[in-house]
Amino acid sequence: MKLATFHPPGGAERIGAVIDGDSRIVALQAAHEARYGKRSPALASMQALIEAGDSGLDLAQSMAAIGGVSLPISDVRLLAPVPVPVQIRDCLCFELHLKQAYRRAREVRAAKSPDPAAALREMEEKNILAVPQVFYQRPIYYKANRFSVIGTDTDVVWPPYSQLRDFELEFGFFTKGRAADIAKPDAAKHIFGYTIFNDFSARDEQVLEMSGQLGPAKGKDFDTGNAMGPWIVTADELTAPYNLTMIARVNGEEWGRGNSSNMHWRFDDLLSFISRSETIHPGEFFGSGTVGNGCGLEQMRFLKPGDVVELEVERIGVLRNRVLT
């Protein structure tokens, strides 16, 4: 099942099931009112549905089958699946991206010095901005700004302090249930569903601040900087998340392509590690980190104002955003 948060024409925010080859959307609460003559708390929002657990999903599935309450998806505005997630943790799961991005980050930092060639040599000799060994020992992650989330076809307003505009091709999952110390064999039970994530990045700011060995901060945390969507594909429908083709396009031109089969750390690794002595709550989002070849930095190609970025992940869909200044 594909579940979305949307605004119908002239209506309030609601959740729906995407049907008929992604061409229509069923307003789940309207379906419930048509069937039972009353509203369901579980269908009040995507967060409420996630918190309702398996019984909520069963209810949504049955409501999606009710006719007469669907709309053409072209008539609605899709929001982020969970407009304000309870938590965002973005992880580093793809080794190739790190290798390529760190190499380019050295070039960006060196270019700001009086002698770029000498600065680049020094960083290479001292292993500065290289893949840290801790990446191979445990999952690494940071907590992103959950208040800066936007959905598909919503513009990204770029911060004036940055000139190196970049995207990141990722996908990830929302959690269900409440648990700590999750064992890897049990991790799949705590995945509600999957969506696409574009972790827009102010690369010039990020490269500078990361030299302080903390962050990222302003390289990531700006309004409209975290795009998610276009919807959630529930875990029961996407049962094989580790062989998905991932493609990034800018203005229709393919800029990068990868596959989720190349994840060094998988989602069960993330849940098992991060939940150690820490409770994971329903509706948290875990990002995969950028797939190899999944950002402009890896090619030293950056976005211009007006560029349209499309991220496609097989069996999920396409997340589309335009970058403005």
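Trainee: In this predicted model, what share of the contacts between residues at least 6 apart in sequence joins residues at least 24 apart?

Mentor: The model is a predicted one, and the contacts to consider are those in the protein between residues at least 6 apart in sequence. Among these, the share that joins residues at least 24 apart is 75%.

Trainee: How many helices and how many strands does the protein have, and what is its radius of gyration?

Mentor: The secondary structure comes to six helices and 19 strands. For 325 residues the globule rule gives 20 Å, and the protein comes close to this, so it is as compact as a globular protein of that length. The radius of gyration asked for is 20 Å.

Trainee: Is strand β12 largely enclosed by the rest of the structure or left open, and which strands pair with it?

Mentor: Strand β12 covers residues 191–199, and because nine of its nine residues are buried, it is largely enclosed by the rest of the structure. Strand β11, residues 169–175, runs antiparallel to β12 and is joined to it by seven bridges. Six bridges join β12 to residues 226–234, again in an antiparallel arrangement, and these residues form strand β14. The strands that pair with β12 therefore include β11 and β14.

Trainee: Which residue of β12 is the bridge partner of Leu169, and which residue of β14 does it stand opposite?

Mentor: The bridge partner of Leu169 in β12 is Asn198. Turning to β14, the residue that Asn198 stands opposite is Ala227.

Trainee: Which helix gives the most residues to the largest nonpolar core?

Mentor: In soluble globular proteins, nonpolar side chains tend to be buried together. Here the largest nonpolar core has 56 residues, and those with the most contacts inside it are Phe167, Phe171 and Phe200. The helix that gives the most to this core, with five residues, is α6, residues 267–274.

Trainee: How many residues are in the second, separate core?

Mentor: This second core is separate, and its members include Met1, Ala17, Phe197 and Met228. Its number of residues is 31.

Trainee: Is Lys176 buried or exposed, and which side chain makes a polar contact of 2.8 Å with its own?

Mentor: Lys176 lies in the loop between β11 and β12. Its relative accessible area is 16%, and because buried means under 20%, Lys176 counts as buried. Leaving aside neighbours within four places in sequence, its contacts include Ile50, Lys189, His190 and Pro282. The side chain that is joined to that of Lys176 by a polar contact of 2.8 Å belongs to Asp54.

Methods. Residues are numbered from 1 along each chain as its sequence is written. This is a predicted model: local features need pLDDT of at least 70, side-chain atom pairs count only at pLDDT 80 or more; totals for chains, interfaces and linings use all residues. Side-chain values use heavy atoms; hydrogens and water are left out. Buried means under 20% relative accessible area, exposed over 50%, partly exposed in between (1.4 Å probe, protein chains only). Helices (H or I, at least four residues) and strands (E, at least two) are DSSP runs, numbered from the N terminus. Two strands pair if DSSP finds at least two bridges between them. A nonpolar core is a set of buried Ala, Val, Leu, Ile, Met, Phe, Trp, Tyr and Cys residues joined through side-chain atoms within 4.5 Å. The radius of gyration is taken over C-alpha atoms; the globule rule is 2.2 Å times the number of residues to the power 0.38. Contact means heavy atoms within 4.5 Å. A polar contact is a pair of N or O atoms within 3.5 Å; within protein, one must be able to donate a hydrogen and the other to accept it, and residues adjacent in sequence count only if both atoms are side-chain atoms.
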